[in-house]
Amino acid sequence: MGTETHQDGHWHTTPDASMDWSLIVGGVGFATEGMACVSAANKMRTAHMALTRGTARVTHADSENGIIVIERHYEGPDENGTQINERMIVVVNDGDCQWDAASPYGVGVGQPWGDAPNGFVEVFNSQSTEFGGWPGSGNAERGVITQQGDQLPLAIPKLGVVVLKMTSETNKETARDANAILAELSAAALGGE
(Lines give C-alpha, C1' and ligand atoms only; values in the text may rest on other atoms or scores of the structure.)
Protein backbone atom coordinates (compact mmCIF):
# COMPACT_ATOMS: atom_id res chain seq x y z
CA MET A 1 0.00 0.00 0.00
CA GLY A 2 1.24 3.46 -0.80
CA THR A 3 3.45 2.58 -3.73
CA GLU A 4 0.87 3.81 -6.25
CA THR A 5 1.28 7.32 -4.78
CA HIS A 6 5.09 7.20 -5.10
CA GLN A 7 5.51 8.18 -1.47
CA ASP A 8 9.15 8.90 -0.70
CA GLY A 9 10.55 6.41 1.79
CA HIS A 10 8.65 3.80 3.74
CA TRP A 11 5.49 4.25 5.73
CA HIS A 12 4.38 2.71 8.98
CA THR A 13 1.85 3.32 11.75
CA THR A 14 4.27 5.44 13.77
CA PRO A 15 3.85 9.23 13.49
CA ASP A 16 7.34 9.78 12.05
CA ALA A 17 6.68 7.37 9.15
CA SER A 18 2.94 7.64 8.59
CA MET A 19 1.28 7.59 5.19
CA ASP A 20 1.46 10.96 3.43
CA TRP A 21 -2.27 11.43 2.78
CA SER A 22 -1.67 14.78 1.09
CA LEU A 23 -0.44 12.85 -1.95
CA ILE A 24 -3.91 11.35 -2.32
CA VAL A 25 -6.16 14.30 -1.51
CA GLY A 26 -5.36 16.92 -4.14
CA GLY A 27 -1.97 15.31 -4.57
CA VAL A 28 0.76 15.87 -7.09
CA GLY A 29 0.42 14.62 -10.66
CA PHE A 30 2.54 11.51 -10.37
CA ALA A 31 0.55 10.29 -7.35
CA THR A 32 -2.74 10.84 -9.17
CA GLU A 33 -1.40 9.10 -12.29
CA GLY A 34 -0.09 6.17 -10.26
CA MET A 35 -3.42 5.71 -8.53
CA ALA A 36 -5.23 5.93 -11.90
CA CYS A 37 -2.97 3.18 -13.29
CA VAL A 38 -3.64 0.86 -10.34
CA SER A 39 -7.38 1.57 -10.55
CA ALA A 40 -7.45 0.83 -14.31
CA ALA A 41 -5.47 -2.39 -13.81
CA ASN A 42 -7.90 -3.54 -11.11
CA LYS A 43 -10.93 -2.71 -13.30
CA MET A 44 -9.38 -4.54 -16.27
CA ARG A 45 -8.75 -7.61 -14.13
CA THR A 46 -12.38 -7.80 -13.01
CA ALA A 47 -13.76 -7.03 -16.51
CA HIS A 48 -11.91 -9.90 -18.22
CA MET A 49 -12.47 -13.37 -16.80
CA ALA A 50 -9.42 -14.76 -18.62
CA LEU A 51 -7.23 -12.67 -16.29
CA THR A 52 -8.55 -14.38 -13.17
CA ARG A 53 -9.67 -17.83 -14.37
CA GLY A 54 -8.80 -20.42 -16.96
CA THR A 55 -5.31 -21.19 -18.19
CA ALA A 56 -2.06 -19.29 -18.37
CA ARG A 57 0.98 -20.16 -20.46
CA VAL A 58 4.19 -18.39 -21.34
CA THR A 59 4.32 -17.97 -25.13
CA HIS A 60 7.44 -15.81 -25.40
CA ALA A 61 10.45 -15.10 -23.20
CA ASP A 62 13.33 -12.81 -24.15
CA SER A 63 15.70 -12.58 -21.19
CA GLU A 64 18.11 -10.31 -23.08
CA ASN A 65 15.45 -7.60 -23.49
CA GLY A 66 13.48 -8.42 -20.33
CA ILE A 67 10.26 -9.40 -22.12
CA ILE A 68 7.84 -12.14 -21.12
CA VAL A 69 4.49 -12.82 -22.79
CA ILE A 70 1.70 -14.77 -21.13
CA GLU A 71 -1.43 -15.98 -22.85
CA ARG A 72 -4.51 -16.11 -20.61
CA HIS A 73 -7.54 -18.09 -21.80
CA TYR A 74 -10.93 -18.73 -20.29
CA GLU A 75 -13.73 -20.70 -21.88
CA GLY A 76 -16.87 -21.16 -19.81
CA PRO A 77 -19.77 -19.30 -18.28
CA ASP A 78 -19.53 -15.66 -17.25
CA GLU A 79 -21.22 -14.32 -14.11
CA ASN A 80 -24.58 -14.34 -15.96
CA GLY A 81 -24.18 -17.92 -17.22
CA THR A 82 -23.44 -16.88 -20.81
CA GLN A 83 -20.73 -18.98 -22.47
CA ILE A 84 -17.63 -16.97 -23.34
CA ASN A 85 -14.30 -17.77 -24.99
CA GLU A 86 -11.78 -15.07 -24.06
CA ARG A 87 -8.10 -14.94 -25.01
CA MET A 88 -5.82 -12.25 -23.60
CA ILE A 89 -2.12 -11.56 -24.22
CA VAL A 90 -0.13 -9.98 -21.37
CA VAL A 91 3.24 -8.47 -22.32
CA VAL A 92 5.63 -7.47 -19.53
CA ASN A 93 8.75 -5.47 -20.39
CA ASP A 94 11.04 -5.00 -17.40
CA GLY A 95 13.86 -3.73 -19.59
CA ASP A 96 14.93 -0.31 -20.87
CA CYS A 97 14.38 -1.09 -24.56
CA GLN A 98 11.16 -0.02 -26.24
CA TRP A 99 9.54 -0.51 -29.60
CA ASP A 100 7.03 1.70 -31.38
CA ALA A 101 4.46 1.15 -34.13
CA ALA A 102 6.98 2.08 -36.84
CA SER A 103 9.36 -0.69 -35.73
CA PRO A 104 7.30 -3.14 -33.68
CA TYR A 105 8.59 -6.08 -31.67
CA GLY A 106 7.20 -9.46 -32.74
CA VAL A 107 6.06 -11.40 -29.70
CA GLY A 108 5.40 -15.11 -30.03
CA VAL A 109 1.76 -15.94 -29.31
CA GLY A 110 1.42 -19.36 -30.96
CA GLN A 111 -0.42 -20.23 -34.14
CA PRO A 112 -3.68 -18.38 -34.94
CA TRP A 113 -6.85 -19.87 -33.55
CA GLY A 114 -9.28 -20.93 -36.28
CA ASP A 115 -9.02 -20.39 -40.02
CA ALA A 116 -8.61 -16.60 -40.11
CA PRO A 117 -5.78 -14.46 -38.72
CA ASN A 118 -6.45 -13.35 -35.16
CA GLY A 119 -6.93 -9.66 -34.40
CA PHE A 120 -6.04 -8.11 -31.04
CA VAL A 121 -6.94 -4.79 -29.42
CA GLU A 122 -5.08 -3.14 -26.58
CA VAL A 123 -7.08 -2.94 -23.35
CA PHE A 124 -4.32 -1.68 -21.02
CA ASN A 125 -0.96 0.07 -21.28
CA SER A 126 0.78 0.99 -18.04
CA GLN A 127 2.72 3.72 -19.87
CA SER A 128 -0.35 5.42 -21.33
CA THR A 129 -0.42 9.23 -21.12
CA GLU A 130 -3.25 9.08 -18.56
CA PHE A 131 -0.82 7.27 -16.23
CA GLY A 132 2.10 9.64 -16.80
CA GLY A 133 3.48 7.84 -19.86
CA TRP A 134 4.01 9.20 -23.35
CA PRO A 135 2.00 9.34 -26.60
CA GLY A 136 2.50 6.35 -28.89
CA SER A 137 3.87 4.18 -26.11
CA GLY A 138 1.39 1.40 -26.84
CA ASN A 139 -0.97 0.11 -29.48
CA ALA A 140 -4.32 1.84 -28.83
CA GLU A 141 -3.86 4.22 -31.78
CA ARG A 142 -3.23 1.26 -34.09
CA GLY A 143 -6.69 -0.22 -33.56
CA VAL A 144 -6.89 -3.91 -34.36
CA ILE A 145 -3.49 -5.60 -34.68
CA THR A 146 -3.47 -8.71 -36.84
CA GLN A 147 -1.40 -11.73 -35.89
CA GLN A 148 1.22 -12.64 -38.50
CA GLY A 149 1.95 -16.35 -38.34
CA ASP A 150 2.86 -17.07 -34.73
CA GLN A 151 3.91 -13.44 -34.10
CA LEU A 152 2.03 -10.37 -32.95
CA PRO A 153 3.86 -7.13 -33.96
CA LEU A 154 3.54 -4.74 -31.02
CA ALA A 155 4.65 -1.37 -29.77
CA ILE A 156 6.04 -2.14 -26.33
CA PRO A 157 6.99 0.59 -23.88
CA LYS A 158 10.04 0.28 -21.67
CA LEU A 159 9.35 -0.72 -18.08
CA GLY A 160 5.70 -1.36 -18.91
CA VAL A 161 2.85 -3.81 -19.20
CA VAL A 162 0.59 -4.06 -22.25
CA VAL A 163 -2.53 -6.24 -22.27
CA LEU A 164 -4.42 -7.16 -25.44
CA LYS A 165 -7.66 -9.01 -26.08
CA MET A 166 -8.34 -11.21 -29.09
CA THR A 167 -11.20 -9.96 -31.24
CA SER A 168 -13.03 -11.41 -34.23
CA GLU A 169 -11.92 -8.39 -36.27
CA THR A 170 -8.66 -8.11 -38.19
CA ASN A 171 -6.74 -5.18 -39.60
CA LYS A 172 -7.70 -5.12 -43.27
CA GLU A 173 -4.29 -3.67 -44.20
CA THR A 174 -2.44 -6.77 -43.01
CA ALA A 175 -5.12 -9.46 -43.42
CA ARG A 176 -5.80 -9.72 -47.14
CA ASP A 177 -8.79 -11.41 -48.74
CA ALA A 178 -7.87 -14.88 -50.03
CA ASN A 179 -9.93 -14.40 -53.24
CA ALA A 180 -8.09 -11.15 -54.01
CA ILE A 181 -4.74 -12.91 -53.60
CA LEU A 182 -5.84 -15.74 -55.92
CA ALA A 183 -7.04 -13.20 -58.51
CA GLU A 184 -3.66 -11.41 -58.38
CA LEU A 185 -1.78 -14.69 -58.78
CA SER A 186 -3.99 -15.75 -61.69
CA ALA A 187 -3.53 -12.37 -63.41
CA ALA A 188 0.24 -12.59 -62.92
CA ALA A 189 0.32 -16.14 -64.30
CA LEU A 190 -1.74 -15.17 -67.36
CA GLY A 191 0.38 -12.08 -67.97
CA GLY A 192 3.57 -14.11 -67.72
CA GLU A 193 2.64 -16.61 -70.49
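Trainee: Which residue in β3 does Glu71 stand opposite?

Mentor: Keep in mind that we're looking at a predicted model. Strands β2 and β3 run antiparallel, with eleven bridges joining them. In that pairing, the residue in β3 opposite Glu71 is Ile89.

Trainee: Those two strands make a hairpin; which residue in the turn has a positive phi?

Mentor: The hairpin of β2 and β3 has five residues between the strands. One residue in that turn has a phi of about 90°, and that's Gly81.

Trainee: Back to Glu71: which residues are linked with Glu71 in a network of salt bridges?

Mentor: Start with Arg57, whose side chain meets that of Glu71 in a salt bridge at 2.9 Å, N to O. That pair links distant parts of the chain, with Arg57 in strand β1 (residues 55-62), Glu71 in strand β2 (residues 67-77), and their positions 14 residues apart. Then there's a salt bridge between the side chains of Arg87 and Glu71, at 2.8 Å, N to O. So the network joins Glu71 to Arg57 and Arg87.

Trainee: Is Glu71 buried or exposed?

Mentor: Buried means under 20% relative accessible area. Glu71 has a relative accessibility of 5%, so Glu71 counts as buried.

Trainee: And is Arg57 buried, partly exposed or exposed?

Mentor: Partly exposed covers the range between under 20% and over 50% relative accessible area. Arg57 has 40%, so the label for Arg57 is partly exposed.

Trainee: How many salt bridges does the structure hold?

Mentor: You've met Arg57 with Glu71 and Arg87 with Glu71. There's also one between the side chains of Glu86 and Lys165, at 3.4 Å, N to O. Here Glu86 sits in strand β3 and Lys165 in strand β8 (residues 160-167), 79 residues apart. The total is three.

Trainee: In that Glu86 and Lys165 pair, which residue counts as partly exposed?

Mentor: Glu86 has 7% relative accessibility, so Glu86 counts as buried. At 29%, the residue that counts as partly exposed is Lys165.

Trainee: Arg72 has no salt bridge; how far away is the nearest side chain of opposite charge?

Mentor: Arg72 lies in strand β2 and is buried. A salt bridge needs a nitrogen and a carboxyl oxygen within 4 Å. The nearest side chain of opposite charge belongs to Glu71, and the distance is 8.8 Å.

Trainee: Then which residue has its backbone oxygen 3.4 Å from a polar atom of the Arg72 side chain?

Mentor: Leaving aside neighbours within four places in sequence, Arg72 is in contact with several residues, including Ala50, Leu51, Thr52, Glu86 and Arg87. Among them, the one whose backbone oxygen lies 3.4 Å from a polar atom of the Arg72 side chain is Leu51.

Trainee: Which strands stand at the edges of the six-stranded sheet?

Mentor: The sheet is open, with antiparallel pairing and the order β1-β2-β3-β8-β5-β6. An edge strand has a single partner, so one side of it is left without a neighbour in the sheet. Here those strands are β1 and β6 (145-146).

Trainee: Which residue stands opposite Lys165 in the pairing of β5 and β8?

Mentor: Strand β5 (residues 119-125) pairs with β8 in the antiparallel sense, over six bridges. Standing opposite Lys165 of β8 is Val121.

Trainee: On the β3 side of β8, which residue stands opposite Val91?

Mentor: β3 and β8 also pair in the antiparallel sense over six bridges. The residue in β8 opposite Val91 is Val162.

Trainee: How far is Val161 from Ser126 in space, C-alpha to C-alpha?

Mentor: Val161 has its place in strand β8, and its contacts beyond four places in sequence include Val91, Phe124 and Ser126. Val161 and Ser126 are 35 residues apart in sequence, and their C-alpha to C-alpha distance is 5.4 Å.

Trainee: How many residues are in the largest nonpolar core?

Mentor: Ile67, Val91, Val107, Leu152, Leu154, Ile156 and Leu164 touch the most other members. The elements giving two or more residues to this core are β2, β3, β4 (105-108), β7 (151-154) and β8. Another core, of eleven residues, lies apart from it and has Met44 and Val163 among its members. The count for the largest core is 15.

Definitions and conventions. Residues numbered from 1 in each chain as written. Predicted model: local features only at pLDDT ≥ 70, side-chain atom pairs only at ≥ 80, totals over all residues. Heavy atoms only, no water. Helix = DSSP H or I, 4+ residues; strand = E, 2+ residues; numbered from the N terminus. Buried < 20%, exposed > 50% of the residue type's maximum accessible area, 1.4 Å probe, protein only. Pairing = 2+ DSSP bridges. Core = buried A, V, L, I, M, F, W, Y, C linked by side-chain atoms within 4.5 Å. Lys, Arg positive; Asp, Glu negative; His and termini not counted. Polar contact = N/O pair within 3.5 Å; in protein donor to acceptor, adjacent residues only side chain to side chain. Contact = heavy atoms within 4.5 Å.
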